[in-house]
Amino acid sequence: MKLGIVGAGMIVGDLLGFIHEIPGISLEAICARAGSQDKILDLQQTYGIAQTYSDYSEMLMNTEVDTVYIGLPNHLHYAYAKEALLSGKHVICEKPFTSNVNEFRELKELAQQRKLVLVEAITNQYLKNALTMKEFLPKLGEIKIVECNYSQYSSRYDAFKAGETPPAFNPEMSGGALMDINLYNIHLVVGFFGSPEQVEYYANMERGIDTSGVLLLDYGHFKCVCIGAKDRSAPSSVNIQGNKGYIHMPSSANVCDSFNFTPNKETPIRVDHKDHPHRMYDEFVEFERIITEQDLEKVKRMLEHSEKVMDVIEQAKRSAKLVFSADNR
């Protein structure tokens with residue numbers, strides 16, 4: 001994979017902190033707006049990135065780049081991914097894939113027409129602990145209750161309360177708790193159980209954006225609650241309860257640090273199958289394999305999963321009457 005990176009924010013810094021450990025990935029380019037040139041020059045020097053750009057179209061003309069990683073604010077994912085696909089590049093797009101399901105479906109069709117890889121960077125669909133947890137689900141018997149809580153006081157919330165509008169809390173940029181922190185819970189649950197029968201979202205709203213909220217997913221034979229909060233903190237966890245036992249994971253759904261499987265009236269069994277400390281490592285190992293092997297069947301399956309998640313998001317937004325400017329395009 002010959003990677004071109006778009007963006008210079010926190011998530012890009014996370015990526016650059018480990019990406020050199022994956023032998024099949026070379027850092028060919030990084031692009032950010034003109035005002036961030038000093039920052040990307042520092043990143044270039046620190047991480048050995050071949051080229052820097054302030055013009056995205058110019059970076060896409062670089063024949064050494066075969067894959068573009070989009071680490072930009074949510075509302076920009078669609079336009080940047082589309083331009084990359086039209087330029088013949090594979091695309092790894094940060095979550096949420098797009099601002100709405102219509103944008104996603106357009107990108108999916110374009111990628112499939114051109115036989116290009118298009119995948120969403122979402123940790124818990126690749127983390128070994130999450131994949132192992134899915135294998136344990138039949139041991140729980142009939143699933144009855146699923147609970148996911150990811151609550152983390154945002155470093156930008158104080159600025160928002162003071163009257164500023166950072167991207168994470170901007171409805172025009174598809175911000176908010178549902179599209180950010182609760183999305184990990186949704187991906188985990190949909191990855192385990194597929195699409196729910198009914199979706200209801202109860203949001204705490206401030207200045208037109210959901211700063212926290214409770215998402216109820218009705219699967220008929222069991223019920224699920226997904227809590228996502230950017231306006232407060234609490235211990236994050238995942239609990240899956242069946243009539244033969246339960247799974248408890250004392251970490252957020254984006255990390256899946258380890259979990260306990262406890263059969264009824266028996267001693268808990270601790271499971272930890274991770275082989276790398278960084279939460280993003282497993283997904284990029286798999287992305288490199290997918291692109292090298294042109295595994296479009298795996299891409300198709302992952303796009304089907306992402307579309308189910310986008311459908312849940314759409315239903316949740318309608319339920320809570322959330323309005324994002326991108327939805328009107």
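Biologist: In strand 6, which residue is the bridge partner of V91?

Modeller: In this predicted model, strand 5 and strand 6 (residues 118-121) run parallel and are joined by four bridges. The chain passes from strand 5 through helix 5 (residues 101-114) to strand 6 in a right-handed β-α-β crossover. Within strand 6, the residue that bridges to V91 is L118.

Biologist: Which residue in strand 5 stands opposite I70?

Modeller: Strand 4 (residues 67-70) pairs with strand 5 in the parallel sense, over four bridges. Together with helix 4 (residues 77-86), these two strands make a right-handed β-α-β unit. The residue of strand 5 opposite I70 is C93.

Biologist: Are the residues on the two faces of strand 5 buried or exposed?

Modeller: In a regular strand, side chains alternate between the two faces of the sheet. On one side of strand 5 are H90, I92 and E94, and on the other are V91 and C93. Five of the five residues in strand 5 (residues 90-94) have the status that requires under 20% relative accessible area. Both faces are therefore covered, and their residues are all buried.

Biologist: Which helix gives the most to the lining of the largest pocket?

Modeller: The largest pocket holds about 1300 Å³ of space. Of the 40 residues that line this pocket, the closest to its centre are M10, I11, L72, P73 and R156. Helix 1 (10-16) and helix 8 (181-193) each supply at least two lining residues. The greatest contribution, three residues, comes from helix 1.

Biologist: How many residues of the lining of the largest pocket are charged?

Modeller: The lining of the largest pocket divides into three classes. Its nonpolar residues number 18 and its polar residues 13. The charged residues number nine.

Biologist: Which helix provides the largest share of the lining of the second largest pocket?

Modeller: The second largest pocket has a volume of about 290 Å³. Among its 15 lining residues, Q125, K134, G191, M302 and H305 are the closest to its centre. At least two lining residues come from each of helix 6 (128-136), helix 8 and helix 10 (296-320). The largest share, six residues, belongs to helix 10.

Biologist: How many residues of each class does the lining of the second largest pocket have?

Modeller: The classes in this lining are nonpolar, polar and charged. For the second largest pocket, the number of nonpolar residues is five, that of polar residues is five, and that of charged residues is five.

How values were computed:
Residues are numbered from 1 along each chain as its sequence is written. This is a predicted model: local features need pLDDT of at least 70, side-chain atom pairs count only at pLDDT 80 or more; totals for chains, interfaces and linings use all residues. Side-chain values use heavy atoms; hydrogens and water are left out. On a 1 Å grid over the protein atoms alone, a cavity is a set of points where a 1.4 Å probe fits but cannot get out, and a pocket is an open set with protein on both sides within 12 Å along at least five of seven lines; lining residues have an atom within 4 Å of a point. Grid points are joined across faces, edges and corners, and a volume is the space filled by probe spheres set on the points. Ala, Val, Leu, Ile, Met, Phe, Trp, Tyr, Cys and Pro count as nonpolar, Asp, Glu, Lys and Arg as charged, and the others, Gly among them, as polar. Buried means under 20% relative accessible area, exposed over 50%, partly exposed in between (1.4 Å probe, protein chains only). Two strands pair if DSSP finds at least two bridges between them. A crossover is right-handed if, with the strands pointing away from the viewer, the path from the first strand over the helix to the second runs clockwise.
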